[in-house]
Amino acid sequence: MSDVIEARELRKRFKSRGRVVEAVRGVSFNVPQGEIFGFLGPNGAGKTTTLRMLTTLLTIDEGEANVAGLDVGSAPAKVRERIGYVSQLGGADNLATGRENLMLQGRLYGRDRAHVAARVEELLGLLDLASFAERQVKTYSGGQKRRLDVALGIVHEPEVLFLDEPTTGLDPQNRANLWQHVSTLRERGVTVFLTTHYLEEADALCDRVMIIDDGAIVAEGSPRELKRDIVGDAVVLRVGEEDGALARINAVLAAAPFVRSTTQGEDGELHCYVDDGPAALPEILRRIDSAKIPLRAISLSEPTLDDVFLAKTGRSLRDSGAGSGA
Amino acid sequence: MKLVRDTGLLAWRRAQQLLRNPVWLFVSLTVPLLYLALFTPLLKDLPAAPGLGGNVLDEFLPGILALLAFTSGANAGFGTLFELQAGVIERLRVTPASRLALLLGPLVTGMVSMFIFDLILLIVGIAFGFHVHVAGLLVLAVLLALFYLAMAAFSTAVALLTKEITGFAAIVNGINLPLMLLAGVLLPISLGPAWMGVLAHFNPLYYLVQASRALALNTFSGGAMWEAFAVLAPLCAISLAWATRVYRRAVA
């Protein structure tokens with residue numbers, strides 16, 4: 001299938017207190033139809049700025065973006081008809097009921113009342129909103145409000161739905177619930193482009209992930225590919241308190257030809273990345289044994305997207321994660 | 001056509017909000033009613049003041065209507081700020097709705113509620129001896145609408161640009177008092193020294209107040225009405241054009 005989003009060398013600068021900050025520096029990517037595409041990165045990395053350029057909310061300084069077959073720069077009004085967008089804030093009207101919000105949203109897309117009413121009925125079922133559709137939005141729980149926000153984004157059956165940090169502020173149960181609903185949208189052919197700073201979200205939900213840091217893309221691929229190609233399997237070793245044991249193990253393993261890289265973690269842990277974890281375990285044990293280093297524990301762990309981020313940027317996404325905005 | 005339809009949808013949305021949360025409606029009405037109740041009696045004992053001839057209420061009530069158009073317009077941005085912070089503005093900006101409609105929707109509702117308040121004030125005024133001249137009041141309604149739209153569009157644009165309450169309140173309150181004092185709402189400017197009269201001619205509210213006094217007495221000649229149209233019609237057009245432009249570009 002064709003690409004629903006094509007971005008070429010997007011750039012955006014902001015002036016802030018006399019300084020020019022380049023928020024997005026030459027970002028290019030393609031999103032094929034029917035994918036859930038995740039844009040992963042710490043806050044302030046340029047995710048939201050990119051999203052806002054693609055959704056016509058910000059002008060593009062340099063580069064080109066094509067969304068749903070239309071050039072964003074020259075035909076923003078036409079692009080708006082074909083996309084849905086759910087901001088971090090959501091933006092439902094608190095004093096109106098869920099149904100009223102959906103009706104107005106549908107009618108602003110030019111659909112007639114009967115058509116919108118039928119579509120709203122369908123959405124109330126699809127996103128489990130029916131039982132509280134006649135209540136004012138201010139009475140909704142976080143999860144209920146978020147599902148309404150998503151419904152508002154797709155009331156006009158857009159070709160692509162943009163979700164900006166869709167599960168920020170939700171508890172784990174509501175988060176998993178929303179993931180389920182987003183997956184359902186994909187099954188119905190909607191392309192979903194979402195930003196997130198949650199590794200688990202990118203991992204659990206996205207077909208493909210693009211990692212952005214400081215305005216530039218550092219890696220792109222399916223979560224599995226990224227973990228396999230960039231990091232490999234992680235073997236985690238723990239040693240005793242003896243002086244230098246960790247450093248000695250590190251030296252032994254770093255010299256082994258099948259080891260890609262090693263990082264010393266916190267509390268006496270060594271992360272050793274290899275292509276094939278299960279196959280490497282016996283050989284690792286053999287080498288440590290012949291070097292006569294006391295080993296406390298060894299385990300094989302699945303690499304995470306955080307390992308990918310760490311490998312690419314030298315920082316952990318978890319450390320740079322918390323906070324809000326951007 | 002699309003503009004009318006979108007404006008209607010968004011105006012109805014704002015009307016529903018007001019009806020569900022009517023407290024502030026009473027707040028807006030309190031100020032002009034207090035002026036009527038607690039300021040007019042003071043004027044009654046000032047028979048010698050030049051420029052205050054005849055029935056005090058006939059002179060004073062039109063100014064209060066002008067004042068209401070001013071404060072209703074200036075406060076329009078508060079709603080915008082609130083919706084900006086709740087993400088509503090951004091959600092609407094991603095729809096294909098006309099940008100002018102995004103601006104006009106709430107303004108139409110604000111204007112309708114202003115006219116309802118005007119009617120209430122007139123009824124209260126009549127009870128205390130205000131003389132109604134229908135033709136003059138109808139022309140005045142057009143001027144009030146122009147002034148309200150100019151002021152409300154300005155206020156909305158300032159809200160979109162400042163994005164938070166502190167900056168917005170500083171600007172709106174900053175212009176509020178000088179414009180009001182230099183418009184002769186409470187007492188005619190002609191009571192003051194000549195330089196005040198000169199300054200007043202740079203104040204759009206002054207023209208509205210002058211015209212409102214003339215029109216309330218059915219005076220169509222004498223220039224006050226034409227001067228007001230000549231100032232307010234272009235002002236309204238410029239303000240709406242500017243605010244629409246801000247809506248198109250706003251980085252919310």
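Which elements of chain A do the buried residues of α11(A) pack against? I'll come back to that in point 4; here are my notes on this predicted model, roughly from the whole down to single residues.

1. Confidence of the complex. The predictor reports an ipTM of 0.87 and a pTM of 0.86 for the complex. For chain A the mean pLDDT is 89, with 96% of its residues at 70 or more. Chain B averages 90, and 95% of its residues score at least 70. If you want to see where the confidence varies within chain A, look at α11(A), which has the lowest mean pLDDT of the chain's elements (81), and at α3(A), which has the highest (97). The stretch to treat separately is residues 321-326 of chain A, where the pLDDT is below 50. Beyond near neighbours in sequence, that stretch still has eight contacts in the model. In chain B, the lowest mean pLDDT among the elements belongs to helix α3 (residues 40-44), at 76, and the highest to helix α8 (residues 134-162), at 96.

2. Overall build of chain A. There are 11 helices and 14 strands in chain A. Its C-alpha atoms fill a box of roughly 80 × 45 × 45 Å along the principal axes. The domain assignment splits the chain into domain 1 (3-222) and domain 2 (233-302), and the centres of these two domains, taken over C-alpha atoms, are separated by 43 Å. Of the 326 residues, 44% count as buried. As for how the chain is wired, take the contacts between residues at least 6 apart in sequence: 68% of them join residues at least 24 apart.

3. The contact between the chains. Chain A puts 22 residues into the contact and chain B puts in 18 residues. On the side of chain A that touches chain B, the elements giving two or more residues are α2 (76-82) and α3 (98-108) of chain A. The largest share of that side, four residues, comes from α3(A). By residue type, this side of chain A divides into 11 nonpolar, seven polar and four charged. Recall that α3(A) is also the element of chain A with the highest mean pLDDT.

4. Helix α11 of chain A, and the opening question. The buried residues of this helix (residues 305-313) are A:Leu305, A:Asp307, A:Val308, A:Phe309, A:Leu310 and A:Ala311. Note that A:Asp307 is on that list. They pack against β3 (36-40), α7 (199-205), β9 (208-213), β10 (216-221), α8 (223-231) and β11 (233-239) of chain A. Just after the helix, A:Gly314 takes a positive phi of about 80°.

5. Two glutamates with unusual backbone angles to check. A:Glu157 is not a glycine, yet has a positive phi of about 50°. It sits in the loop between α5 (142-154) and β7 (160-164) of chain A. A:Glu157 counts as partly exposed because it has 16 C-beta neighbours inside 10 Å. A:Glu165 also has a positive phi of about 50° without being a glycine, and its place is the loop between β7 and α6 (172-187) of chain A.

6. More on A:Glu165. Is this residue buried or exposed? It counts as buried, because 23 C-beta neighbours lie inside 10 Å and the cut-off for buried is 20 or more. Leaving out residues up to four places away in sequence, A:Glu165 touches A:Gln88, A:Thr195 and A:Thr196. A:Ser222, by contrast, is 57 residues away in sequence and 19 Å away in space, C-alpha to C-alpha.

7. Helix α2 of chain B. How far apart are its end C-alpha atoms? They are 22 Å apart, which agrees with the expected span because 16 residues (23-38) at 1.5 Å a residue should also give 22 Å. The helix nevertheless bends by about 30° at B:Thr30, and a proline, B:Pro32, follows within four residues.

8. B:Glu164. This one lies in the loop between α8 and α9 (165-181) of chain B. B:Glu164 is exposed, because just 11 other C-beta atoms are within 10 Å and the cut-off for exposed is 12 or fewer. Its C-alpha atom and that of B:Ile89, 75 residues away along the chain, are separated by 14 Å.

Methods: Residues numbered from 1 in each chain as written. Chains lettered and ligands numbered in written order. Predicted model: local features only at pLDDT ≥ 70, side-chain atom pairs only at ≥ 80, totals over all residues. Expected span 1.5 Å × (residues − 1). Bend = angle between axes of the 7 residues up to and from the residue. Contact = placed C-beta atoms within 7 Å. Nonpolar A, V, L, I, M, F, W, Y, C, P; charged D, E, K, R; others polar. Domains from an automatic or database assignment. pLDDT = per-residue confidence, 0-100.
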